Amino acid sequence: MGIPSDDVVLISQSENQENLHIITVNCPDKTGLGCDLCRIILLFQLSIVKGDVSTDGKWCYLVFWVVGNSTTRWSLLKNRLVDACPTCSSASEIYYYKAESFKKPKPPEVYLLKLCCNDRSGLLHDVTKVLCELELVIKRVKISTTPDGRVMDLFFITDTRELLHTKSGQEETHSHLKAVLGDVMISCDIELVVKEMATSPQGNTFLPPDLAEEMFSLEMPKEPTSGNSDQKNVSVIMDNHLSPAHTLIQIQCEDHKGLLYDIMRTLKDYNIQISYGRFNMKQGRKCEVDLFIVQADGKKVVDPNKQTSLCSRLRMELTHPLRVTMVSQGPDTELLVANPVELSGKGRPLVFYDITLALKKLGTCIFSAKIGRHIIRDREWEVYKIRLDEGNGFSLSTKKIEREVRNMLMGWES
């Protein structure tokens, strides 16, 4: 018999710390599994403070120590983690996961949520929060404000629960939005969109070429890390002498929201397999990560060019996991946030949620917003373009807005 799904993922509360939980995953292995699990943990707004990973190439055992809160939906988290794990079943033997036999899942249906409201402070974040709670994933968004103070929000969303095609699923979404927005909500319509409408805008028209080149440069700055960087003192060292069969990667850096996800997604994009790994958070925000890795062929990384490329990419991803900048477009001020997209096509979760939360706390209104995919140097980025409403005594400096948004995205206290 295969392992029951209840035993694939176990979540228990720490005996010593009330808000600390231990997540144990025991399942067949696949390249990128750690990335997929860390992405889900990040999606549930949990912070990983310690982690252990071990695998023999066929079966893996992962343990994450995470910090949650009173609103964490642990049972739902368990279900989502189980869904991400390869399955195993057989009355006589266990069939291990094989990448070549894995069928790419069918792309989810995309729905258009059209929401018309009277504008108020924090409106966009409140809507985003409801959609997250309903497990509706925002793929694209277009927000515009009319001169009479009305807001038209267009959300292109997918439904993790696969209920939005039903009348009850749409009514549930409508009622949750109404409960939060109250009388400011004028109308709410949901419809399935055709494939052409669901495709995100691509190309260089979304951003000016000179700005895109500056934001998305993959080169590390020649000058010492400045205040414009998200991380400081990032160290990535690769060693082939300590293990006869594995390459060791040692990383030292400051902690930030989604740190382990950023490491795992980079290794996944390089098709690197982790045989053993350990993550520890030291005093303050200092983190140490040791990873024993092999290539897809099961061999060590010995090519000097590959070593340099992988170390440079890890260093870059940890120094600048997201790009945040403020720009002036004539009389208007725009906030631009960008994050790299996995080769699988998945973007970083909760970015729009954190942006709108930071702006809500600052009391800054949003005049318009767009989300799009931008390709530069053969790499895809998810770009959030927020035009701020500078009326009603707007007095915040662009530096303060940029700093507060970055701190929210990185999980740092202001």
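**Exercise 1. State the accessible surface of the chain and the share of it that belongs to carbon and sulfur atoms.**

Solution. The accessible surface, computed by the Shrake-Rupley method with a 1.4 Å probe, comes to about 20,800 Å² for the chain, and 50% of this surface belongs to carbon and sulfur atoms. The model is a predicted one, in which local features need pLDDT of at least 70 and side-chain atom pairs count only at pLDDT 80 or more, whereas totals for chains, interfaces and linings use all residues. Residues are numbered from 1 along each chain as its sequence is written, and side-chain values use heavy atoms, with hydrogens and water left out.

**Exercise 2. Determine the strand order of the eight-stranded open sheet and identify its edge strands.**

Solution. Begin with the secondary structure: the chain holds eleven helices and 16 strands, taken as DSSP runs numbered from the N terminus (helices H or I, at least four residues; strands E, at least two). Next, apply the pairing criterion, by which two strands pair if DSSP finds at least two bridges between them. The order that results is β1-β2-β4-β3-β11-β12-β10-β9, with antiparallel pairing. The edges are β1 (9-13) and β9 (235-239), each of which pairs on one side only. For one pair within the sheet, β2 (residues 20-28) and β4 (residues 59-67) are joined in the antiparallel sense over nine bridges, and L20 stands opposite V67 in β4.

**Exercise 3. Describe how helix α2 lies relative to the strands that it crosses.**

Solution. Helix α2 (residues 33-43) lies across β2, β3 (47-55) and β4. Its direction makes an angle of about 25° with β4, where axes are lines fitted to C-alpha atoms, for helices over the stretch in contact (heavy atoms within 4.5 Å), and angles run from 0 to 180 degrees between N-to-C directions.

**Exercise 4. Explain why the buried residues of helix α3 can be said to line one face.**

Solution. First list the buried residues (under 20% relative accessible area, with exposed meaning over 50% and partly exposed in between; 1.4 Å probe, protein chains only): in α3 (residues 74-84) they are W74, L76, L77, R80, L81 and A84. Seen down the axis of α3, these residues fall within an arc of 160°, taken from the directions from the helix axis to the C-beta atoms, and so they line one face of the helix. On the other side of α3, S75 and D83 are exposed. Finally, the buried residues of α3 pack against β1, β2, α2 and β4.
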